[in-house]
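Here are some notes on the model you asked me to look over, set out as numbered points. They begin with the domains, go on to the two ligand sites, and end with the backbone.

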Amino acid sequence: MNASFSSARVPLRQVWPPALVARYRAAGHWRGETFPGFLRERAERFAGDIAVVGGDTRLTYAQLWQDAGRIGAGLLAQGLIPGDRVVVQLGNVPEFVTVVCGLFRAGLIPVYALPAHRITEVVHFARKAEANAYIAASSYEGFDYRTLARELQAQVPEVQHVIIAGDAAGFTALASLAGDLDQLPADPDPQSVAFLQISGGSTGLSKLIPRTHDDYLYSFRASNAICGITQDSVYLVALPAAHNFPMSSPGFFGTLYAGGRVVLSPGAGPETAFGLIARERVTCVGLVPPLALLWAQAAATTTHDLSSLQVVQAGGAKLVPEAARRVIAGLGCTLQQVFGMAEGLVNYTRLHDSEEIIVSTQGRPISEDDEVLVVDDHGNPVADGETGHLLTRGPYTIRSYHNDPAANARAFTEDGFYRTGDRVQRLPGGYLVVQGRATDHINRAGEKISAEEIEDHLLAHPSVFDAAVVSIPDAYLGERSCAFIIAQGEPTKAASLKAWVRGRGLAAFKVPDQIVFVDAFGTTAVGKISRRELRAQLRERFMQQTGETR
Ligand code: AMP
Ligand code: DBH
């Protein structure tokens, strides 16, 4: 029979109050479209047009649909059942798109892991999602995912199916999947959950974000209109395809929705991306701020023709005005700031906004039905222009995480507002300026790292008495991570603590950039103040001592 997870799994649900459902439908936000539905329609309408380019592969819309069908039917033939959850860990390769579309066609639920995630994180996703299958590349960026797959099956035996793109070494090869197309289910309920996205994990471990067909399609359809994505657009996926930003803002799904062309770049640096831009005449790309700066710098001396670029988006972390000006000057195209979250709400500067708005704000929400509250510590609205906590609800913002009552109790108000954890200022016209955040995570060039999660791993080391992980402003990364350590017993070195964290099976971006040994965390620290205050004190003291500035 199918894995033991199947019988009593936590159901996938995402529920809005009936009055809002009616409203979002009446407003035309939710149109009852689904992933398989739109992909089928595009395969007919744009059959011979190129949909996806990656490596040596160029897939037309018809081929994408066909290959997705083969994969979906093949997975069902393997014994998977619609509704099963499948952890997908693929890099920026065409298979990422064919696999995900294949899962949609089969009614299977992708759970998106990043290529950087390692065994500890993948085990967490598989357990939380109650997944019974794992699909990965044989290797990507020098890492062998077949080894990870073996460890995953050892730790989570319910993961009965492993499918590998490339040399499968005893696992099922993606290329060998085949099945009866007639076994594919009818299109799903548009209100049902289509996939589980991963949160950056502001506290503790990453949470799973259930997104519905209706809500997600709305977010990228509306993004297309804001970002100027049409059938003529060529969108470059430079960030990892599994990230919500290049997936949906408007990302590769927006581009496929519009009938445009998606180009997958195996690397995000100018050395890889610029050649692709020139060759494929790329019109739009989403970048994190450090990359946008690097691209702007490299553009000055490149021999590649970047003149096709119309819009360069920067998001995932704050782009400060001075950096924004450098990006505009260096790349000579329209800059769009994007402030989004996998939980939903996405803000954009508009393409025709004044340069002042574009450089100094993180944009305004997609939808007139995005409700934005900026409140003080007690939940009372602050005056416009003042900084407060950003709360939001709307037609594409989740109401709950999957399988995580404790996180839900923290992250949502009784009225269903999502507490973003961000501190923002709202300007006239609804434009938001991100001023920092209220939760303790490190935003390392767009990768979010939970302080708590890393502290737990450090505390597992026998020579660590206590650990506090904080973010330190960093000229290149925006923020880097710094772990303050009170040692005990056998002396240890910074390098071995870093190796320890890596050895715990975590993504490399979570390894502390810096380790500082201290004798104590401060006199007031003992049991009297919160971890949050403690981290803030350590950060301030460290920055004063080192003379670092924000
Ligand atoms: P996640 O919930 O993991 O998808 O991460 C979303 C978070 O990334 C937001 O809540 C912000 O803290 C941060 N973020 C995304 N875009 C921006 C931006 N343009 N400026 C500042 N912070 C951003
Ligand atoms: O950081 C993010 O999660 C993010 C940034 C920009 C995002 O999810 C998005 C746009 O959709």
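1. Buried area, as the term is used here, is the accessible area, taken with a 1.4 Å probe, that two parts lose on being put together, summed over both. This is a predicted model, and in it domain 1 and domain 2 bury about 1400 Å² between them, with 53% of that area on carbon and sulfur atoms.

2. The two parts in question are domain 1, which covers residues 4-426, and domain 2, which covers residues 442-546. Their C-alpha centres lie 30 Å apart, and the contact between them involves 19 residues of domain 1 and 19 residues of domain 2.

3. Turning to the first ligand site, ligand 1 is surrounded by 17 residues, of which Gly200, Val338, Glu343, Asp422 and Lys448 are the closest. Sorted by class, this shell is made up of six nonpolar, seven polar and four charged residues. The element that gives the most to the shell is strand 16, residues 334-341, with four residues.

4. Which backbone atoms lie 3.0 Å, 3.4 Å and 2.7 Å from a nitrogen atom of ligand 1? A polar backbone atom of Gly316 is 3.0 Å from a nitrogen atom of the ligand, a backbone N or O atom of Lys318 lies 3.4 Å from a nitrogen atom of ligand 1, and a polar backbone atom of Val338 is 2.7 Å from a nitrogen atom of ligand 1. As for cover, ligand 1 has 500 Å² of accessible area on its own, and the protein covers 91% of it.

5. The second site, around ligand 2, is formed by Asn244, Phe245, Ser249, Gly316, Val338, Gly340, Met341, Ala342, Val346 and Lys448. By class, the residues of this shell divide into five nonpolar, four polar and one charged. Val338 and Lys448 are listed here and are also among the closest residues to ligand 1, a point to keep in mind when reading the two sites together.

6. How far from an oxygen atom of ligand 2 does a polar side-chain atom of Lys448 lie? The distance is 2.6 Å for Lys448, while a polar side-chain atom of Ser249 lies 2.7 Å from an oxygen atom of ligand 2, and a backbone N or O atom of Ala342 lies 3.3 Å from an oxygen atom of the ligand. Of the 290 Å² of accessible area that ligand 2 has on its own, the protein covers 91%. Helix 8, residues 244-248, and strand 16 are the elements that give two or more residues to this shell, and strand 16 provides the largest share, three residues.

7. Two backbone features deserve a look, given that most residues other than glycine have a negative phi and most peptide bonds are trans. Ser249, whose side chain was mentioned above for its polar atom 2.7 Å from an oxygen atom of ligand 2, is joined to Pro250 by a cis peptide bond with omega of about -15 degrees. Pro250 itself lies in the loop between helix 8 and helix 9, the latter being residues 251-258.

8. The other feature is at Glu141, a residue other than glycine, where phi takes a positive value near 45 degrees. Glu141 is placed in the loop between strand 6, residues 139-140, and strand 7, residues 143-144.

Technical notes
Residues are numbered from 1 along each chain as its sequence is written. Chains are lettered from A and ligands numbered from 1 in the order in which they are written. This is a predicted model: local features need pLDDT of at least 70, side-chain atom pairs count only at pLDDT 80 or more; totals for chains, interfaces and linings use all residues. Side-chain values use heavy atoms; hydrogens and water are left out. A residue is near a molecule or strand if one of its heavy atoms lies within 4 Å of it. A polar contact is a pair of N or O atoms within 3.5 Å; within protein, one must be able to donate a hydrogen and the other to accept it, and residues adjacent in sequence count only if both atoms are side-chain atoms. Accessible areas come from the Shrake-Rupley method with a 1.4 Å probe; for residues, only the protein chains shown count as cover. Ala, Val, Leu, Ile, Met, Phe, Trp, Tyr, Cys and Pro count as nonpolar, Asp, Glu, Lys and Arg as charged, and the others, Gly among them, as polar. Domain bounds come from an automatic or database domain assignment. Contact means heavy atoms within 4.5 Å.
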